[in-house]
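Colleague: Got a minute to go through this one with me? Put it up on the screen and I'll fire off questions.

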Amino acid sequence: EFNKLVFSGVQPTGNLHLGNYLGAIRKFVALQEGNDCIYCVVDLHAITAQLVHEDLRGQIRSIAAAFIASGIDPEKHIVFNQSAVPQHAELAWVFNCVARIGWMNRMTQFKDKAGKDRENASLGLLAYPSLMAADILIYRGTHVPVGDDQKQHLELARDIAMKFNLDYQDNIRTSGLGTDIVVGEEPVHAFFPMVEPLIDGPAPRVMSLRDGTKKMSKSDPSDLSRINLMDDEDAISKKIRKAKTDPDGLPSETEGLKGRPEADNLVGIYAALADKSKTEVLAEFGGQQFSVFKPALVDLAVNVLSPITGEMRRLMEDTSHIDAILKKGGERARVRAEKTMNEVRDIIGF
Ligand code: ADP
Ligand code: NA
C-alpha cells in the first residue's frame, strides 16, 4: 500500500475566485488534519496558454498568500512553487513518452483553450496533463482535491501511472522499488499509485453568477460573473444581488433544484461556505424568496471571505514572509522529488 499523500496545485494566472476557493483551497485547508499535504503554485502551467505574464512573480506570491490566508500551515505541510523543483519537468518528460498523443487530443480543457486554431496552440498546452500527472506522482501523491473541471486530467494521470507501471513491470520488480496493488481486478506491481480525485462536496463546480451553464472562471470577461477572493463587501453584495435567478423561490428539497442551474448554484455556494449539505440549507430556506436568501448569502460570504482577504492584503504588503515560505517549501519539496526521480532513473535504466 502507498502512504496517503495529498497533493494539489493552483495556477498563478489572474485573480482567484470563489470557484477556486470552494472547489480547491477550502478543501486543501480541511485535509490538513491527519494528512501529509503538498500544495503547489503551478507556475510552469501558467505559461502553457500564455507565455508572457505581467508580474508573474507577484501572481505566484498572491496564490501562496491565498493558501496561507485561508489557513494552510506551511510548517506542517509544504507550500512551494513548481518551477523551484525541476524534477516536475523531468518526470513530465518521461510521462510525455509514456502518454499517447491521442490521449492528449481528447482532453476537453485542451480543446477549449486551444480553440479553433489548434495547430497554433503551444505543445505545452497539449502536454499540460502530463506535467500535471508528474506534479502529483513525483511525490507519489494518492489524493488530489480539485474542482470538477479537473476530473478528466486525473483520469489521464491514472492512465499514465498504469502504463508506466505495466511497461516497466520487470524493471520495477528487479529494482525492488514497487508495491503490489490491485487495479480493478488486476494485480499490478506498481511504482506509482492510482491517484484518487477528491471532487465531492456541495460545490464541485461553481458556476458563473450571470449564466448557470458556464463555470465561474478567471477568463470570463464579465466581472459580475465571479466573486474574487480580493473583492470587498460592497462588491460581494452587488454581485450576489445581481446574480441571475429564476422567478420561483427556494424549494424545500434538492429535487426541486433540478433544471434550475442558477438556483442550484447559489444553494451549493451557500452550503459549501457554511460547511453544510444542500439538503440542510433547503431545510432552512425552503419556501423563501431569493430576496431573503441572497442577503443571507451575502452575509455568509462576507463573513467567510473578508478575514481571508484582509490577511492576503497584509501578507502582500511585505512579501519577504511569503518569499521565505516558498523558498523553504521548495527546498523540502526538492528533497522528496529528487528521491522519487532517482528511483525513476533507476527503473528506466538511465
Ligand atoms: P482556473 O480554472 O480558475 O484557471 P486553475 O486551473 O488554477 O484555475 O484551478 C485551480 C483549482 O480551482 C482547480 O482545482 C480547479 O478545479 C478549481 N476550480 C477552478 N474553477 C472552478 C469552479 N468554477 N468551480 C470549482 N472549482 C474550480
Ligand atoms: Na482549471
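Colleague: Where does UniProt place the 'HIGH' region motif?

Modeller: The UniProt record puts that short sequence motif at residues 12-20, and the entry is an unreviewed one. Keep in mind that we're looking at a predicted model.

Colleague: And what does the chain do over residues 12-20?

Modeller: That stretch is 33% helix and 0% strand. Its end C-alpha atoms sit 12 Å apart.

Colleague: OK, ligand 1 next. Which residues are closest to ligand 1?

Modeller: Gln11, Gly19, Gly23, Val146 and Gly147 are the closest, out of 17 residues that surround ligand 1. H1 gives the largest share of that shell, with 4 residues.

Colleague: What's the mix by class in the shell around ligand 1?

Modeller: You get 8 polar, 5 nonpolar and 4 charged residues there.

Colleague: Switching topic: how is the chain split into domains?

Modeller: Domain 1 comes in two pieces, 5-202 and 318-348, and domain 2 runs over 223-316. In the contact, domain 1 puts in 19 residues and domain 2 puts in 16.

Colleague: Which helices supply the domain 1 side of that contact?

Modeller: H1 (18-31), H3 (56-70) and H14 (320-348) each bring at least two residues to the side that touches domain 2. The largest share is from H3, at 7 residues. By class, that side of domain 1 has 10 nonpolar, 7 polar and 2 charged residues.

Colleague: How far apart are the centres of the two domains?

Modeller: 30 Å, taken over C-alpha atoms.

Colleague: Last thing, H11 and H12. At what angle do their axes cross?

Modeller: Roughly 105 degrees, and the axes come within 9 Å. The 65 to 115 range counts as roughly perpendicular, so H11 and H12 are roughly perpendicular to each other.

Colleague: Which residues meet there?

Modeller: From H11 it's Val267, Gly268, Tyr270, Ala271 and Ala274, and they meet Lys278, Val281 and Leu282 of H12. The residues of that contact divide into 6 nonpolar, 1 polar and 1 charged.

Terms used:
Residues are numbered from 1 along each chain as its sequence is written. Chains are lettered from A and ligands numbered from 1 in the order in which they are written. This is a predicted model: local features need pLDDT of at least 70, side-chain atom pairs count only at pLDDT 80 or more; totals for chains, interfaces and linings use all residues. Domain bounds come from an automatic or database domain assignment. Two residues are in contact if their C-beta atoms, placed from the backbone, lie within 7 Å. Ala, Val, Leu, Ile, Met, Phe, Trp, Tyr, Cys and Pro count as nonpolar, Asp, Glu, Lys and Arg as charged, and the others, Gly among them, as polar. UniProt positions are given in the numbering used here, feature names are shortened, and annotations may be inferred rather than shown by experiment. A residue is near a molecule or strand if its C-beta atom, placed from the backbone, lies within 6 Å of it. Axes are lines fitted to C-alpha atoms, for helices over the stretch in contact, and angles run from 0 to 180 degrees between N-to-C directions. Angles under 35 degrees count as roughly parallel, over 145 as roughly antiparallel, 65 to 115 as roughly perpendicular and the rest as oblique.
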